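Welcome! Take a moment to look over the model, and then let us walk through it together.

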Amino acid sequence: MNQTTEVAAVTGENIRKSSALGTFLKRLFKEKPLGTMGGILVLILLLAGIFADVIAPYEYADVHPVDRLLPPSSTYILGTDGAGRDMFSRIVYGARISMIVGLSATALYTVVSTAIGLISGYIGGKFDIILQRFVDAWLCFPGMVIYLIVMNLIGAGMLQIILVLGIGSGIGGSRGARAWAFWIKEIAYMDAARALGASTLRIVLRHMLPNVLPMVIVSFSMAIGGIILAEASLSFLGFGIPPPYPSWGQMISGQSRAIMERAPWVPLWPGVAITLTIWGMNMFGDAVRDLIDPRLRGGIGGLGSYGSKKVAKVLKKRDAMITKTRRRTERG
Amino acid sequence: MFNYAIRRILLLIPTLLLVTIIVFLLVRFMPGNVIDLMIQEIWEGTPGSGIQVDRDEIMARMGLDQPIWTQYGRWLGVLPTPDQKTGESHYEGILQGNLGKSLRTNRNMTDEIVKRIPVTFELGLLAILTGNIIAIPIGIYSAIRQDTGLDYIGRTFSILALSVPSFWLATMLIVYGARDFGWAPSVEYVRFSENPIENLKDMILPAALIGMSMSGGTMRFMRTMTLEVLRQDYIRTAWAKGLKERVIIIRHGVRNALIPLISLLAPQIGLLIGGSVIIEQIFVIPGMGQYLLTMILERDYWIVSGMNLIFAASTMLIVLATDLSYAWVDPRIRYR
C-alpha cells in the first residue's frame with residue numbers, strides 16, 4: 001500500500017508542476033512513437049476544428065448547383081456532394097463538431113463517473129450497495145439502444161447528444177472511480193482528514209479528487225474515442241446532429257445510395273476522417289495510460305520515474321537474448 | 001460454489017426489478033411529453049381520421065390516466081388491465097409473456113418480436129465466431145513475439161479494428177461492390193431453416209462486420225493475458241524442464257490465458273446489440289435491431305420497452321452465466 005501511495009503522490013505532484021508537461025511530452029516522444037503519431041493527429045484535428053473558418057475554402061452549407069458530384073480536383077480538393085457542397089470544407093467543419101461533442105461529452109462523462117464512483121465508494125455500506133444495484137441495472141442495457149431511445153424522445157441536437165452520451169456512459173463508467181475510492185480510502189491521510197472532522201464533501205473534493213487526478217486523466221483519454229464513435233453512429237442513423245450541420249456520421253448516410261455509387265468519395269472521406277480521429281485518440285489514450293497511470297506495470301508506469309526506463313530497456317534486451325538462445329537450442 | 005450460484009441468482013431479482021423500472025420510466029417520464037408526441041404522430045399518420053382527437057379519451061383508453069404505479073403494475077402484469085369493451089379484467093403484462101401492444105394497431109406484437117429473436121441470435125453468434133477466430137490467434141501470436149515487427153502489425157490491426165466504424169465499412173462495401181463488381185446484398189431474407197447455405201451467404205458479411213468491431217478489444221485482451229501468463233513461474237518451470245516451445249505456449253500458456261476471455265463476453269453482448277441495430281438496418285436483415293429502430297422511429301414505445309427488456313434480461317443472464325462458468329472453469333477462484 002505504501003508504495004502505491006508514494007507513486008500516486010509523485011505522479012500527482014508532477015502533473016501540477018509546469019515542467020511535468022514537458023517531461024510527459026519528452027517521454028511520449030521517446031518511448032511511444034505510435035502514441036506521438038496519435039497525439040499529432042489529435043492536435044491537427046483540434047486545430048482544424050478551432051480554425052475551421054480560416055482553413056475551409058467554402059462555407060459548409062454553400063451550395064454550388066452546377067458543381068454537383070464533382071470528383072476531387074484543384075477547385076474542390078475532396079470533390080463535391082449531391083448538393084454541390086465542397087467535401088473538404090464539410091470535413092473540416094465536421095472536425096469542429098466532432099471535437100466539440102467529443103470533448104464536452106467526455107468531460108461530462110468524467111465528471112459524472114468520478115462523482116458517482118467516489119461518493120459511492122467513499123460512503124460505502126448500504127448506500128453503496130443500493131446505488132450499485134442501479135449501476136448494475138443500467139449496465140444491463142446496451143448503450144446504443146438507450147442513446148437511440150433517449151435521443152428520439154428529446155430530439156436530435158448537439159446539446160442533447162452531449163448530455164445523453166456524457167451522462168449515459170458516465171453512469172456505467174462510475175465502476176472504475178468506485179474502485180479508486182476503495183483504494184484511496186485506506187490511506188493514512190484520509191484518516192487524518194476524518195479525525196480533523198472534515199466533511200464528506202470536503203474529503204472527497206480536497207483529499208480524494210487531487211489524488212485520483214492521474215486516473216481521471218487516463219479515463220478521459222481512454223473514453224473519448226468511443227464517445228466520438230458513438231456520436232458518429234447516432235448521427236449515421238439520423239439521431240445525432242441534424243442535417244444542415246456537417247457531422248461526419250451523418251455525411252455518410254445523408255446521400256442516397258445511387259448518388260454514393262456515382263460518387264463514392266462522398267461517403268469515403270467522412271469515414272476516413274472518423275477512422276483517423278478514433279485511431280489517433282486510441283493511440284494517444286493508450287500512451288497516456290502507459291505513461292501516467294500509477295497502477296500499471298509496477299514501477300515502469302508513473303511520470304518522472306526515469307530510472308525504470310533504463311531497467312525496462314535492460315529487461316527487454318535480456319528477454320530478447322533468452323528467446324534467441326532458446327530458439328537456437330531448439331533447432332539444434 | 002453451489003451457495004455462490006444461489007446467491008447470484010437471488011441477487012438477480014432486485015436487479016431485474018430495477019431493470020423493469022428503468023425500462024418503464026425511460027419511456028414514460030421523458031421530457032417533451034411522450035403522450036402528446038404519440039397522439040400527434042399516430043393520429044396524423046392514420047388516414048381518414050378527420051375526427052377531433054380527444055386527449056383524455058385516448059389517455060383513458062391506453063390506461064395512461066391511472067397513477068404511475070398502477071400503470072407500472074399493469075405493464076408488468078401484477079395488476080389486472082380492464083378490457084375497454086367488455087369491462088372484464090385480465091392480467092396482461094410482461095409476466096404473462098406480453099412484450100408489448102402496438103399503440104397504433106392495439107395488437108399484441110409479442111409474436112412479431114419473438115419471430116425476430118433467432119435472426120439476431122444467429123447474427124450475433126456468427127459475429128462472435130468470426131470476430132474471435134481472427135482475434136484470438138493474432139492476440140496470442142502478438143504476445144509470444146512481443147515487440148517484433150509482427151507484433152506491431154497485429155497491434156496496429158487491433159487498434160484499426162477498434163477505430164473503423166462498422167457502418168462506414170458496410171456502406172463502402174456496398175457502394176464499391178455495386179460499382180466495381182455488380183454485387184449487392186440480397187434484399188430478400190432467407191431463413192436458415194429454409195436454405196442454410198443461402199442464409200449463411202447473406203449473413204456472414206454483416207456478421208463479420210460486427211465481429212470486426214469486437215475483435216479489436218479481444219485481440220488486445222488476449223495479448224495482455226498471454227503476456228501475463230507467460231511471465232508466471234510455472235512457465236519458467238516448463239522451460240526449465242526442456243519442453244518444446246509449442247507445448248509450453250499451447251498447453252501451459254494459452255489454455256490459462258483463455259480463461260479470462262470468458263469475462264469479455266458480457267461487454268461484447270452490448271457491442272453486439274448496438275452493432276446489430278446498425279448493421280441490420282444497412283443489410284436489410286429482419287432482426288430485433290431493425291425492428292427496434294423502426295419502432296423507435298414510429299414512436300411505438302410499448303414495443304420498444306418490451307424489446308429493451310429482452311436485451312437487458314439477456315445481458316443479465318449472460319453476465320450471470322459468465323460469472324458462474326468462470327467459477328467452474330478456474331478452480332483457483334474461490335467464492336465466499
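Let us start with one helix and check its length. This is a predicted model, and in it H7(B) has 15 residues, which at 1.5 Å a residue should span 21 Å. The C-alpha atoms at its ends are 21 Å apart, so the expected span and the model agree. Just after this helix, Gly182(B) adopts a positive phi of about 60 degrees.

Now look at how H7(B) sits among its neighbours. Its buried residues are Ser166(B), Phe167(B), Trp168(B), Ala170(B), Thr171(B), Ile174(B) and Val175(B). The cover over them comes from both chains: it includes H10, H11, H12 and H13 of chain A, along with H8 and H11 of chain B.

That brings us to the place where the chains touch. Here 41 residues of chain B are in contact with 38 residues of chain A. On the chain B side, the elements giving two or more residues are H1, H6, H7, H11, H12 and H13. Which of them gives the most? It is H7(B), with 8 residues. Sorted by class, this side of chain B has 29 nonpolar, 8 polar and 4 charged residues.

Finally, turn to a pair of helices within chain A. The axes of H8(A) and H10(A) come within 10 Å and cross at roughly 150 degrees. Angles over 145 degrees count as roughly antiparallel, so that is how H8(A) runs relative to H10(A). The crossing is right-handed. Among the residues that meet there are Leu165(A), Gly173(A) and Trp180(A) from H8(A), and Met208(A), Ser219(A) and Glu231(A) from H10(A). The residues of this contact comprise 12 nonpolar, 5 polar and 1 charged.

Note on methods:
Residues numbered from 1 in each chain as written. Chains lettered and ligands numbered in written order. Predicted model: local features only at pLDDT ≥ 70, side-chain atom pairs only at ≥ 80, totals over all residues. Contact = placed C-beta atoms within 7 Å. Helix = DSSP H or I, 4+ residues; strand = E, 2+ residues; numbered from the N terminus. Nonpolar A, V, L, I, M, F, W, Y, C, P; charged D, E, K, R; others polar. Expected span 1.5 Å × (residues − 1). Buried ≥ 20, exposed ≤ 12 C-beta atoms within 10 Å, placed from the backbone. Axes fitted to C-alpha atoms, helices over the stretch in contact; angles between N-to-C directions. Parallel < 35°, antiparallel > 145°, perpendicular 65-115°, else oblique. Left-handed = near helix turned anticlockwise from the far one by under 90°.
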